[in-house]
Amino acid sequence: ENVIKIEYDGNSSNRFKGIINHLRGNKKINISDEGIVSVTASSTEGSHYPKYVVDFDNNEFFHSSSFYPSKDWLQIDFKDKKIHPTHYSIQTPSNHDDGDQQCPVNWCIEVSNSGNENDWRTIDSRQNVTSISKQNQSDTFEIGTKLTSNECYRYIRLRATGQTSGNCGNIA
């Protein structure tokens, strides 16, 4: 089994130099468009597709369309690869029409190897986060559950567990 270890060094300027960046190589590509990963969501608002969460080279962003808190999710399928997450970073849109209304403040991170609805394990949960509650903010979070060294997963998803900074239910 080929194992590549990419660890977050704690330097905020490196927060988006993890697995997604590694899979891009030195190319300015969208790894979802290229078929390297598959990014899906519970819903999509207009042309704000899930694939934009793995596209670091333009100002497009993902936006879900649900108005019900705790219903929306965003998922990455790493296909023939498995990941061992220790940290994750989130950046809020810088050009969202609704301003600071849609920023996430309540969520959990879940992992699975099958992607089946009854096979998700929560490995991190956050409530009332303020560090990314406005436009154009980013932060890195350490996974709350310490995974054993052999725990690796094909799927990871962020699931909303409450309302956004503007008391909405969707994810942007």
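**Thr92**

I started with the neighbours of Thr92: leaving out residues up to four places away in sequence, Thr92 touches Cys103, Pro104, Ile132, Lys134, Gln135, Asn136 and Gln137. Note to self: this is a predicted model.

I then checked where Thr92 sits, and it is in the loop between strand 3 and strand 4. Buried or exposed, I wondered, is Thr92? Its relative accessibility is 2%, so Thr92 counts as buried, the cut-off for buried being under 20%.

Next I looked at what the Thr92 side chain does with its polar atoms. One polar atom lies 2.7 Å from the backbone oxygen of Lys134. On the backbone nitrogen of Asn136, I read 3.0 Å to a polar atom of the Thr92 side chain. Lys134 and Asn136 were both already in my contact list for Thr92.

**Core**

I looked up the largest nonpolar core and got 27 residues. Which residues have the most contacts inside this core? They are Ile76, Phe78, Trp107 and Ile109. I also went through the elements that feed the core: helix 1 (19-24), strand 1 (38-41), strand 2 (73-77), strand 3 (87-91), strand 4 (107-112) and strand 7 (155-160) each supply at least two residues. Strand 4 gives the most, with three residues.

I picked Ile109 for a closer look. Skipping residues up to four places away in sequence, I found that Ile109 touches Tyr88, Arg121, Thr122, Ile123, Asp124, Ile143, Ile156, Arg157 and Leu158. I flagged Arg157 in that list, since Arg157 turns up again in a salt bridge with Glu117.

**Salt bridges**

I ran the search over the whole structure: how many salt bridges are there? It finds twelve. I wrote up three of the pairs.

Glu117 with Arg157: the closest N and O atoms are 3.2 Å apart. Glu117 is in the loop between strand 4 and strand 5 (121-126) and Arg157 is in strand 7, so this pair ties together parts that are 40 residues apart in sequence. I compared burial for the two partners. Glu117 counts as exposed at 58% relative accessibility, whereas Arg157 counts as buried at 4%.

Lys81 with Asp80: their side chains meet in a salt bridge, N to O at 3.1 Å. For Lys81 I noted a relative accessible area of 30%, which means partly exposed. Asp80 comes out at 67%, so I put it down as exposed.

Lys146 with Glu142: the N to O distance in this salt bridge is 2.6 Å. Lys146 is exposed, with a relative accessible area of 58%. Glu142, at 42%, is partly exposed.

I also asked which residues are joined into one network by salt bridges that share partners. The answer is Glu110, Glu117, Arg157 and Arg159, so my Glu117 and Arg157 pair belongs to that network.

**Surface**

Last, I checked for nonpolar patches on the surface. I found one of about 230 Å², made by Ile4, Ile6 and Ile19. I looked up Ile6 on its own: it is in the segment before helix 1. Its relative accessibility is 31%, so Ile6 counts as partly exposed. That is over the 30% that a residue must pass to be taken into a patch.

Notes. Residues numbered from 1 in each chain as written. Predicted model: local features only at pLDDT ≥ 70, side-chain atom pairs only at ≥ 80, totals over all residues. Heavy atoms only, no water. Core = buried A, V, L, I, M, F, W, Y, C linked by side-chain atoms within 4.5 Å. Buried < 20%, exposed > 50% of the residue type's maximum accessible area, 1.4 Å probe, protein only. Helix = DSSP H or I, 4+ residues; strand = E, 2+ residues; numbered from the N terminus. Contact = heavy atoms within 4.5 Å. Polar contact = N/O pair within 3.5 Å; in protein donor to acceptor, adjacent residues only side chain to side chain. Patch = residues over 30% accessible without salt bridge, like charges linked within 9 Å, V, L, I, M, F, W, Y side chains within 5 Å. Areas by Shrake-Rupley, 256 points an atom, 1.4 Å probe, with all protein chains shown as cover. Salt bridge = Lys/Arg side-chain N within 4 Å of Asp/Glu carboxyl O.
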